[in-house]
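Q: Please pick one part of this protein and walk me through it slowly. I'd like to know what surrounds that part and how it sits in the whole.

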Amino acid sequence: MEQKKPLNEQEKVIEIKGLYKSFGNYHVLRGVDLDLYKRENLVVLGKSGTGKSVLIKIIVGLLTPDQGEVKVLNQVVDEITYKELLALRLKVGFSFQNSALYDSMTVKENLIFPLIRNQKNLTKAEINSAVEEMLDAVGLLQTINQMPSELSGGQRKRIGIARTLILRPEIMLYDEPTAGLDPITCLEINSLINEVQERFHTSSIIITHDLTCAKAVGNRVAMLLDGKFERQGSFEDVFNTSDERVKPFYDYNFIQ
Ligand SMILES: Nc1ncnc2c1ncn2[C@@H]1O[C@H](COP(=O)(O)OP(=O)(O)OP(=O)(O)O)[C@@H](O)[C@H]1O
């Protein structure tokens with residue numbers, strides 16, 4: 001498999017410095033420093049319960065940090081007004097693990113829903129053309145009138161990504177995009193993540209436990225260990241170590 005390389009891009013779309021977050025006596029994030037560069041795919045790895053979701057919630061302002069600074073698209077998330085936060089969230093698309101489609105709506109209605117809620121002045125023709133463009137981008141235009149229950153897990157995942165993309169976010173957050181999918185569908189989702197990066201020029205954080213996905217989509221990889229990103233860099237940089245906290249990830253995914 002061809003491995004992606006770090007980009008030369010210097011412009012940061014997310015900048016996190018000295019981030020701490022505890023719940024009671026449980027110190028989840030303990031000095032997180034992390035940058036996301038424009039147009040890159042950054043893969044975030046880490047054991048269950050290490051705080052990846054907490055980090056994402058802080059990025060989108062659903063949780064506040066105890067200490068440290070989180071800047072998203074040049075705005076300090078916990079210093080902006082609620083109105084500014086809502087506007088910022090529209091620029092950050094979140095693709096949920098379970099795809100979170102509305103089961104009682106068709107594929108088309110699922111895509112229309114975020115559009116009419118957030119962009120109230122669109123004409124019917126503009127809405128139809130946006131829906132068709134996004135379904136075409138994820139290769140599922142033919143499912144436009146189907147119900148989510150008629151789709152496979154991989155197709156639902158794609159529709160979920162299309163529904164997030166329809167608002168044209170600058171940043172995409174993918175939460176375990178290949179979880180629960182068969183290997184062939186995983187490869188298709190990996191390709192889609194790369195196509196989205198190319199076609200929509202998004203900058204993305206991809207949370208995954210799937211190292212084949214990490215290798216295929218990540219320009220860089222960052223591993224959350226004991227509350228910080230101690231290892232960051234190319235896939236090889238991160239895994240070229242005898243660190244017993246890191247090796248099992250590799251060994252489990254690529255049994256030698
Ligand atoms: N609102 C909260 N109140 C109390 N504890 C919380 C809260 N949110 C998260 N935690 C705790 O913080 C820790 C990190 O949780 P988090 O969901 O970020 O893990 P994760 O790395 O995303 O795990 P997984 O890979 O399983 O999704 C967990 O122990 C969790 O119980």
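A: What follows is a close look at helix α5, from its own residues out to the whole protein.

Two quick notes before we start. This is a predicted model, where local features need pLDDT of at least 70 and side-chain atom pairs count only at pLDDT 80 or more, while totals for chains, interfaces and linings use all residues. Numbering starts from 1 along each chain, following the sequence as written.

Now find residues 153-165: that's α5, 13 residues in all. (Helices here are DSSP runs of H or I with at least four residues, strands are runs of E with at least two, and both are numbered from the N terminus.) From the first C-alpha to the last, α5 reaches 18 Å, close to the 18 Å expected at 1.5 Å a residue. That expected span is 1.5 Å times one less than the number of residues.

So how much of α5 is tucked away? Twelve of its 13 residues are buried, so α5 is largely enclosed by the rest of the structure. "Buried" means that 20 or more other C-beta atoms lie within 10 Å of a residue's own; with 12 or fewer it is exposed, and in between it is partly exposed, with C-beta atoms placed from the backbone. If you want to click through the buried ones, they are G154, Q155, R156, K157, R158, I159, G160, I161, A162, R163, T164 and L165.

What does the covering? The list includes two strands, β6 (92-95) and β7 (171-175), plus the helices α3 (107-118), α4 (124-137) and α6 (183-200). Look at α3 from its own side: V107, N110, L111 and I112 are its buried residues, and they pack against α4 and α5.

Zoom in on A162. Leaving out residues up to four places away in sequence, A162 touches L111, M134, L135, A137 and V138. (Contact means two C-beta atoms, placed from the backbone, within 7 Å.) A162 also belongs to the largest nonpolar core, a set of 61 residues, and is among those with the most contacts inside it, along with V43, V44, M134, V138 and V221. Strand β2 (residues 26-37) gives this core its largest share, six residues. To count as a nonpolar core, buried Ala, Val, Leu, Ile, Met, Phe, Trp, Tyr and Cys residues have to be joined through C-beta atoms within 7 Å. In soluble globular proteins, nonpolar side chains tend to be buried together.

For contrast, hop over to R199 in helix α6. With 10 C-beta neighbours inside 10 Å, R199 counts as exposed. R199 and A137 sit 62 residues apart in sequence, with 8.5 Å between their C-alpha atoms.

Last, zoom all the way out. The protein has nine helices and ten strands. Its radius of gyration is 18 Å, close to the 18 Å the globule rule gives for 256 residues, so it is as compact as a globular protein of that length. (That radius is taken over C-alpha atoms, and the rule is 2.2 Å times the number of residues to the power 0.38.) The C-alpha trace spans about 55 × 50 × 35 Å along its principal axes. Across the 256 residues, 38% count as buried. Among contacts with a separation of 6 or more, 68% join residues 24 or more positions apart.
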